Amino acid sequence: MSDRPGHKSGRGYLEIAVTIPCQHEEMVSDFIIEEVAFGLVTEDLDDQVRIICYIPHDNGPDEKIDKLKKYLSIMEVLPDELIDERIKTKNIEEIDWINEYQKSFEPVVIGDLVIKTPWDKTEFPGKKIIIIEPKMAFGTGKHETTQLCLRAIEKEIEPGMKVLDLGTGSGILSIYAAMLGASEILGLDIDPDAVPNALENAEMNNVSDKFGARTGSMEQIDKKNYYDLVISNLIYDGIVKLFDDFLAALKPGGKMILSGILDDQKNQLTEFIKFKASFEIEIMQQNEWLCYILRTR
Ligand SMILES: C[S@@+](CC[C@H](N)C(=O)[O-])C[C@H]1O[C@@H](n2cnc3c(N)ncnc32)[C@H](O)[C@@H]1O
């Protein structure tokens with residue numbers, strides 16, 4: 001029998017902690033959730049992040065570690081010679097799952113805005129608060145693209161605006177738009193898990209009266225030239241594909257906030273937008289991520 005820690009028999013878990021450069025956090029976390037362990041927690045360490053997950057001893061931890069190592073190597077997350085030393089394991093008898101899970105959702109502070117979970121009782125005097133129940137839908141406020149959109153919404157929203165939030169996820173952007181004065185917001189998402197989560201979050205933030213959500217995409221829009229503001233945090237391909245539909249949904253004089261675009265896609269997207277319509281373009285950036293604000297000239 002090997003002396004690798006995964007071979008401990010009986011109940012309990014193997015804790016795996018892998019330390020990687022923080023730019024790979026999302027990609028590696030996704031891989032771990034899909035292929036290695038059901039849940040994880042992360043700890044920020046300057047420019048690195050430690051991802052910790054737990055595998056029951058009777059669920060083949062050795063194979064899971066091998067899978068993880070192979071992934072880190074193929075995706076060039078770490079140089080091969082560093083992989084072994086960056087993965088630490090420890091045997092654990094019992095885990096306080098709820099505590100571990102909740103620890104991974106520290107409040108996110110963006111200027112005057114704080115995004116926190118319903119169970120976080122920390123007070124933030126003088127700040128605007130969005131409460132998000134973290135479920136399967138994207139949008140806890142941690143990602144750069146969400147943060148860029150929130151900042152752009154703060155700049156661009158005007159009282160009474162009608163807003164379309166395409167790819168609403170947790171509903172976070174719609175909720176902020178409503179808090180800042182938008183009068184009517186429609187959130188759409190192709191992910192069926194997103195809509196109930198977005199509606200629940202809207203209720204928790206007392207903006208249900210302004211927010212509606214539907215499963216689907218732009219085919220759900222029957223009103224042309226209706227929205228003052230179209231917000232969409234997708235990826236480059238999604239934005240390009242749906243851009244004509246966004247234009248059709250937008251009122252004359254309307255604006256768009258588009259994110260999920262990487263720095264190296266900037267020239268391509270800017271040319272594409274200029275070719276399609278005459279907007280004043282402002283580009284915001286956070287790390288490698290961009291957010292476009294388009295204002296009708
Ligand atoms: C990056 S998340 C953004 C979530 C949230 N709006 C935010 O900013 O944090 C993108 C969301 O768009 C949804 N999505 C992707 N393609 C879509 C499409 N073609 N139509 C509608 N929703 C889409 C995904 O399911 C996901 O929830």
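How do the residues of the shell around the ligand divide into nonpolar, polar and charged? In this predicted model, the shell comprises 10 nonpolar, nine polar and two charged residues. Of the 21 residues around the ligand, those that come nearest are Gly139, Thr146, Gly167, Gly169 and Ser217. The elements that contribute two or more residues to this shell are the helices α5 (144-156) and α6 (172-179), together with the strand β9 (184-189).

The surroundings of the ligand can be placed within the architecture of the chain, whose secondary structure amounts to nine helices and 14 strands. The chain is divided into two domains, of which domain 1 covers residues 5-103 and domain 2 covers residues 108-296. Between the C-alpha centres of domain 1 and domain 2 there is a distance of 32 Å.

The overall dimensions were then considered. Taken along the principal axes, the box filled by the C-alpha atoms of the chain is roughly 70 × 40 × 35 Å. For a compact globule of 297 residues a radius of gyration near 19 Å would be expected, and because the chain has 21 Å, the value agrees with that expectation.

The packing of the chain can be described in terms of burial and of contacts. Among the 297 residues of the chain, 35% count as buried. Where contacts with a separation of 6 or more are considered, 64% of those in the chain are accounted for by residues that lie 24 or more positions apart.

Methods. Residues are numbered from 1 along each chain as its sequence is written. This is a predicted model: local features need pLDDT of at least 70, side-chain atom pairs count only at pLDDT 80 or more; totals for chains, interfaces and linings use all residues. A residue is near a molecule or strand if its C-beta atom, placed from the backbone, lies within 6 Å of it. Helices (H or I, at least four residues) and strands (E, at least two) are DSSP runs, numbered from the N terminus. Ala, Val, Leu, Ile, Met, Phe, Trp, Tyr, Cys and Pro count as nonpolar, Asp, Glu, Lys and Arg as charged, and the others, Gly among them, as polar. The radius of gyration is taken over C-alpha atoms; the globule rule is 2.2 Å times the number of residues to the power 0.38. A residue is buried if 20 or more other C-beta atoms lie within 10 Å of its own, exposed if 12 or fewer, and partly exposed in between; C-beta atoms are placed from the backbone. Two residues are in contact if their C-beta atoms, placed from the backbone, lie within 7 Å. Domain bounds come from an automatic or database domain assignment.
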